[in-house]
Amino acid sequence: MESKIVLISNRGVREKRTGETLFKNRLTKSDNRLRCAEVKPNSKNNRYSLNLIKSGQEQNFINNAVSNSNDRPWVFFVHGNNQTLNKNLKKCFELRNLYNVNVIAFSWPSVHHGKIRNLIGYLPFQPNIAKYASRQLKRKLKQYGKARKNAMLSAEDLSHSLTIFKNAISHSDVDANFVCHSLGHRVLKLSNQYTHLSNTLEPFNNILLHQADEDNEDHRDWITPIGKGERVFITTNKKDKILELSNIYNHKSLKNKRLGNTPKHEQPQPPTYKDFTGERKIGLTGHTLFLVPKSDNLEVSIFFETVIGS
């Protein structure tokens, strides 16, 4: 039996749909802020169907999903910026296929437009290349600013989602690892205001803070209290193109100041720092290192396999 993919989300819901438009690209307005959906068996990342769980049954559903884990570990995944439901699920399928794990993803609204609106934004309304490039940069930074706002508004929902998963796994002997990517770290860090991360992250064997789009300065102040020591893994890549754009927004600078693009060779450990600067065949942006296949870079793939799939 294949591994499972489960979504828990604070996005708005279109109750009668089963595809990528089941969840909206904006926050829910419902009193019950969290809804769950399961990817139906035999679904593929380019062709899938979703089963929406009845409102109010989220805890029972996650309990049942975890208790029937097919002898495979679980990965709790928090995505980053500019992710539609479809993009989020694509990464979930890749995680499942690369590491042979069950995936539960907290899917928060980090993009404010759909496919058509996004494509319209790329139309060249002026022939001047410099003006077109400037317009595209402003558009991306505007989108990013809205995503940061939604990250703040999603923090309490992530805290509740992690508590639901903790309740479910406490009644089983299933292994679980936690993966947070890019701007998802803003959601994670702020969720500490509602329930301490040492509590919500307690069930996980490994904590992977992957290419974090969060301030590098004083990062140990919120990461060390998690209490997992060397089991907290922080990845860095000085040439991460996505975090270079984040520097422009957050620091008005091209200098690396994000947690995920500032190497820490002189920092004491734990946590465990892993720098990928200079690695070859790690993707165009160097930002999604955890999805690099073995055929592209065996050493990088093996590192993440030990953290995510064990």
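**Note on helix α2 and the salt bridges**

1. Helix α2 comprises 15 residues, 85–99, which at 1.5 Å a residue should span 21 Å; its end C-alpha atoms are 21 Å apart, so the expected span and the model agree. The model under discussion is a predicted one.

2. Several positions of α2 are buried, including the hydrophobic residues L85, L89, F93 and L95. The buried positions of this helix also include N88, K91, C92, R96 and Y99. Just after α2, N100 adopts a positive phi of about 55°.

3. As to charged pairs, the structure contains 8 salt bridges. Side chains of opposite charge can pair when their charged atoms come close. Three of these pairs are considered below.

4. R35 and E15 form a salt bridge in which the closest N and O atoms are 3.0 Å apart. R35 belongs to strand β4 (residues 35–39), whereas E15 sits in the loop between β2 (11–13) and β3 (23–27); the pair therefore ties together parts that are 20 residues apart in sequence. What is the relative accessibility of each partner? R35 has 9% and counts as buried, while E15 has 53% and counts as exposed, because the cut-off for that class is over 50%.

5. R35 also meets E58 in a salt bridge, with an N to O distance of 3.8 Å. This pair links distant parts of the chain, 23 residues apart: R35 is in strand β4 and E58 is in helix α1 (residues 58–67). E58 is buried, since its relative accessible area is 7% and the class requires under 20%. The N to O distance of 3.8 Å is to be read against the salt-bridge limit of within 4 Å.

6. Which residues are linked with R35 in a network of salt bridges? They are E15 and E58. Within this network, R35 is buried at 9% relative accessibility and E58 is buried at 7%, but E15 is exposed at 53%.

7. The side chains of D157 and R33 form a further salt bridge, at 2.8 Å from N to O. D157 lies in helix α4 (residues 129–169) and R33 in the loop between β3 and β4, so this contact ties together parts that are 124 residues apart in sequence. D157, at 2% relative accessibility, counts as buried, whereas R33, at 30%, counts as partly exposed.

Methods
Residues numbered from 1 in each chain as written. Predicted model: local features only at pLDDT ≥ 70, side-chain atom pairs only at ≥ 80, totals over all residues. Heavy atoms only, no water. Helix = DSSP H or I, 4+ residues; strand = E, 2+ residues; numbered from the N terminus. Buried < 20%, exposed > 50% of the residue type's maximum accessible area, 1.4 Å probe, protein only. Expected span 1.5 Å × (residues − 1).
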